[in-house]
Structures are given as C-alpha cells and as structure tokens.
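Biologist: Could you take me through one part of this model up close? I'd like to see how two helices sit against each other.

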Amino acid sequence: MTDTRSSAPDGAPTARPVDDATTLRAHVERQFPALQADLERLVRIPSVSAAAFDQAHVAASADAVAALLRGAGLPDVRILRSDRPDGTPGAPAVVARRPAPEGAPTVLLYAHHDVQPPGDAAAWATDPFEPVQVGDRLYGRGAADDKAGLVAHVGALRALAALAEDGGADLPVGITVFVEGEEESGSPSFRRFLADHRELLAADVIVVADSTNWKVGVPALTTSLRGLVDGVVEVEVLGHAVHSGMFGGPVLDANTLLARLVATLHDDAGNVAVAGLVSAPEPEVDYDEAAFRADASVLDGVALAGEGTIAGRLWAKPALSVIGIDATSVAHASNTIAPRAAAKLSLRIPPGQDPQAAEDALRAHLEAHAPFGARVTWRPGEQGRAFHAADDSAAMRAARSAFAAAWGTDPVDIGVGGSIPFIADLLEFFPDAAVLVTGVEDPDSRAHGADESVHLGELRKVVLAEALLLRRVGAGEG
C-alpha cells in the first residue's frame, strides 16, 4: 500500500490535535454497548426493499430509525415517501433535522435502512436476521451495509450531546439526517424525493456513510466510484423448443449461442473488449495482489483477469460481469433445443465515462457479435454516473484530520469498484455541497453476501471520527 501524503518525521499522523478528542473518545466508549444493542435491534428487522419481500418490514424499520433519531436529540423527525417513475409510492425514508446556529453550516448525514435479500440461508453460518457477535465482529444482514452507517450517525450525535452536557461547546453545525429506504433496490424514487424535499435536504457538506475502509486499522476516504450500466441481453434462435435428437446438429441451442456471445465481451487476457469504453488515470494507491486474492477469496490457481495494477483494474477501468442467466435448469432439463436464453449484464464504468455512451457501446457490441445470426435483443436496466471527489476541499481536509485522530493513522484515498449512483443526483441538486464518502465496512464485511458482518472496533472509530468531523466543519477547520 502506498500513500503519497506526507507524515510527521516520526511517522505520526499529520492531523492537528483537538482538545475534545480524548473526551469524545471516552463518551463513545461508554455509550457503545447501547449503540451496539441498537444496531442489533435494527438487524433483526428484515427490511429487504426488493419487491418480492414483505414491505411491512421496511415500514417497521423506518419507524425504528425515526425513534433512534428522536432519541439522538433531533427535534424534527419525519417519515416521508415520494413516488417512483411508474407512479407507485417509494419506500419510506426518514429525515431528521436540527437547525444550524446563526451563520453556521449544515451537514447532511446519509445512510440507508433497507438491506439486500439474504440469499441462500444455508450459506450463512448464522440466521441472517439474528445478530451474532463472534470475536470483534457482529454478523447479520445489514450489520455493515448500511445499518452500521446509520448507527454511526446516531452514535456521533450522542457523543456530541454528552460532550455538551459535560460543559463542552454545543454542536456547532446544523444537522440533517437522511436515511433512505430503497437504496438496495436502485433508489427509484430518489430523484423525485430530492425534488420534493430540496429545501429540507439542502446542506453545505454531505456525508455518505455507505462505503468501506482500506482494512481493519486503516481508514479510507472514497474519492472515486465507478458508475453503472446494466440490462438483459436475450438470444433467440427458434420459434419454440424442438427435439434435440431430431433437430440437433444444424441448429445450435440458445444456451450455447448465449455463451458464445458472452465470451466476446472479454479478450484472452480478461480485459473488457467492448469498443468505445474509456479508462480513468491509474490510482496512486497500490492494492497488493496477495491482499486482493485474500479479500476476494480467489481460489488457488485462478488467474486474475485484465492487465495493469490491481487498483487500476478495480477503480479506473470498466468491468463487465454476467450476474444472472435465464436458461433451463439442470433439474428441469428435457431433450430439447432451447429456443431462447438471456443474461443480465452489469457494466461498471470509471469516472469520465458517460453512462449512455457506455450502454450504446455495449448494445452495439452485442448486436455486432450475434452468433450464427441469432436474434439478439437488449433490454436496458439501470444507469448511474461515476463519482470523483475533489481531493483537497476544506471538507476533505477536515475529514482527513478527524480520521487520523480517531484511528491514530492517516486515512488512505481510495477508489471503489462499486457504484453509488445517487451521489450524482445529490451533486446535481446541491452543486455547491462538498460530498464526503465514508463507511464502516472493511474487506471482510462481505456486504450483499452470506455472513455479512461489521468489525465493532472499527465502528467505534467511525463514530468518533464523525463526531470529530462535525466539530471541525463547525469550527471552519480544513
């Protein structure tokens, strides 16, 4: 790992000391058992926002979030919905506010209370919705993504309130907490929600607590995120299924043709082979290959795909994955030639790539490589823009200082291969706001997968770092 920022001669972090840091740390430690209990209660609510799941749980989760925010000293707490593009009501979001002192900035703290589906329960070592602590980690769906982000906001506000009760200065900024209820379903009502509640959500600094740290013990600030284009490609070869013995040979089945089409998406080295996609400049931070293999659980003997540095392949280049296939299952196979098959493709695009241009390039590639003249149809899905932060804003400097004080080591500026498309919407509606992307996860959190977990020691540090950040922003530091 290489970090190009300077340190003091003795290797200590360059962060300036803050008088209240020791006291705040003590408050966080004292309050943390109650905060962990709050997180465990949230994890027990199966707030999966996917349409196939009971949305009453998402509503119950919103109620629980609202109660936590009221208890954190925010006097104006509302549960709000906006319509999705199809006119149906969006999932419940929670907005809580405390007005800024005269002349002080306002900070918007974002998290989401919905979670991914649990997937195959047999793949979990424990019940996905029954939190279990093993060593320093708390396991459960949403324990990291992103109910830990929410409780980090709550914990920071509680610590600052305790500091004020001890005779310290009152909270020097206005606070708006925005806890979304459908992020894991693509945030379909997000833009409408921003339009409906622009005045309510306006802020000078926006903290999005939905990313990751470099590793346990080393914090990170996410300065770039890849964007997203996804959709479904369908291959059709017959009007209906026919007997594989009577007609097999002159006609290839749709499953085989889909496989041949998908195989054209990468070259022999594993680079994305779609013309018209761009790459961003190489990152300055190096990601050790052995560490990546361990973090991603790559099996021994499996070669890594693509060329260039690991960090560059993750953050600065496009990535294209097949994330789902519709084809006859093995259990239901019959002696027929499949007439059609489909695959859902997920294309991650680096900063500098326009999502529509990327989708057009992908569609053109698929149509140009139709195997044996098969009918190829593209059905577009979600689009999201990439994000690249200004790395030397006052808010970013304040965040680096706060993180260094909380962890005892300087944070690393990282990219993330995943996408948070709504950040582009936030910047469109609030172009003058500074956006900071932080998080509680680490490489072993396994967000979206089985055995998701949060490292409780890291969660303590995130709570402290955010409390310090709010004080630094209020003091105009940076």
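Modeller: Here's a walk through one helix pair. This is a predicted model, so to speak of local features we need pLDDT of at least 70, side-chain atom pairs count only at pLDDT 80 or more, and totals for chains, interfaces and linings use all residues. Residues are numbered from 1 along each chain as its sequence is written, and side-chain values use heavy atoms, with hydrogens and water left out.

Two packed helices are described by the angle between their axes and the distance between the axes. Our pair is helix α2, residues 56-71, and helix α3, residues 147-165. Helices here are DSSP runs (H or I, at least four residues), numbered from the N terminus. The axes of α2 and α3 come within 10 Å and cross at roughly 20 degrees. An axis is a line fitted to C-alpha atoms over the stretch in contact, and angles run from 0 to 180 degrees between N-to-C directions. So α2 and α3 are roughly parallel to each other (angles under 35 degrees count as that). The way α2 passes α3 is a left-handed crossing, meaning the near helix is turned anticlockwise from the far one by less than a right angle.

Who's touching whom? From α2 come Ser-61, Val-65, Leu-68 and Leu-69, and from α3 come Lys-147, Leu-150, Val-154 and Arg-158. Contact means heavy atoms within 4.5 Å. Sorted by class, this contact of α2 with α3 has five nonpolar, one polar and two charged residues. Ala, Val, Leu, Ile, Met, Phe, Trp, Tyr, Cys and Pro count as nonpolar, Asp, Glu, Lys and Arg as charged, and the others, Gly among them, as polar.

Conventions:
Helix = DSSP H or I, 4+ residues; strand = E, 2+ residues; numbered from the N terminus. Parallel < 35°, antiparallel > 145°, perpendicular 65-115°, else oblique.
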